[in-house]
Amino acid sequence: MKAARLRRAAVRVATLFASLFIALTMAFALGRLSGDPTANILGPTAPPEQREALRQQLGLDRPLLTQYLDYFKGVFTGDLGESLQFYQANTTLILDRLPFTLQLVGAGMAIAVLIGVPLGVLAATREGTWWDRAASTVALLGQSIPVFWLGMMFVVLFAVKLGWLPAGQSGTPRHLILPSLTMSLYPMAHIARLTRASMSEALAEPFIDSARARGLGRASIVWRHAFKNALMPVLTIVVLQTGILLSGAVAVEYVFSWPGLGQLALQAVQFRDFPLVQAIVVFGAVTFVLLNLLVDVIHSVVDPRVR
């Protein structure tokens, strides 16, 4: 039994490493297949001598296999090259901006969970009523409204017209309120819809009828029995949504001038900072794979059947 569990764990870890290897290879290949990076960086009118000098600086004059091996060596040693725009190590730039993105993603996911989970439970326990329809409508709106538009409307209303909150930048907890609310909208809707579906399935299971027959209270049936069994997919989507937000917070950070990784990625693209863009892509891929591994660990802790 123990050997089977270890074998399943080893297969899962090998699958994750294979996914990471493919993602990193795609990042490397797409960066080369998209054209000559020196032409993208310097522009099509740059003299050949200047382009050749930059090609040597970036190591693009070496054989492709050598570049590929050096690229993987850099990934595993934490050396992701140097930014052409900031003249600093890309790893340093990413680590400097990461705390700001973590603040934003942490606050946004906390709001999403605190609203999305009760909303989904409310809809499932009152299925077919106006509570269910209202909760489902809120979730649908959350997935339909573009976050950049919502962010701009929040700025106009709460910063410009009412003057209650700052319009952007960071520094105090008040600066975090509007961007975190904006960021929480889409995952909140996703969590609410998934919680409703999982809870509806759990509430239809025979063990719920058994709990009712034993005279257990409604709150105990919902939260101790049904919710516990509906928790697995909700935990999975919370962790995966966190990974998506960590690597995709560009729109929210741009609207609120939040100095996180998304803002850094946007600056790198605008400046055609090819090494920095590639480093941010690598960081996003590694983060997402590690979060997938965290999901598997959580599954094995919460549900003994997975072990």
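Helices in this tour are DSSP runs of at least four residues, numbered from the N terminus. The model is predicted, and a sensible beginning is to colour the chain by confidence: the mean pLDDT is 83, and 95% of the residues reach 70 or more. Among the elements of the chain, helix H5 (residues 90–125) has the highest mean pLDDT, at 91, whereas helix H2 (residues 37–42) has the lowest, at 70. Where pLDDT is low, the predicted coordinates should not be read in detail.

Next, select helix H8, residues 173–203, and within this helix pick out threonine 195. Its relative accessible area is 1%, and because buried means under 20%, threonine 195 counts as buried. Leaving aside residues up to four places away in sequence, the residues that threonine 195 touches are Gly116, Val117, Gly120, Val121 and Val234.

Stay in helix H8 and move to serine 184, which is also buried, with a relative accessibility of 5%. With the same sequence neighbours set aside, up to four places away, serine 184 touches Gly108, Ile111 and Ala112.

Now turn to the loops. Between helix H7 (147–161) and H8, select glutamine 169, a residue other than glycine whose phi is nevertheless positive, near 70°. Glutamine 169 is partly exposed, at 46% relative accessibility.

The last stop is serine 257, in the loop between helix H11 (250–255) and helix H12 (261–270). Serine 257, though not a glycine, has a positive phi of about 50°, and with a relative accessible area of 32% this serine is partly exposed. Most residues other than glycine have a negative phi.

Definitions and conventions: Residues numbered from 1 in each chain as written. Predicted model: local features only at pLDDT ≥ 70, side-chain atom pairs only at ≥ 80, totals over all residues. Heavy atoms only, no water. pLDDT = per-residue confidence, 0-100. Helix = DSSP H or I, 4+ residues; strand = E, 2+ residues; numbered from the N terminus. Buried < 20%, exposed > 50% of the residue type's maximum accessible area, 1.4 Å probe, protein only. Contact = heavy atoms within 4.5 Å.
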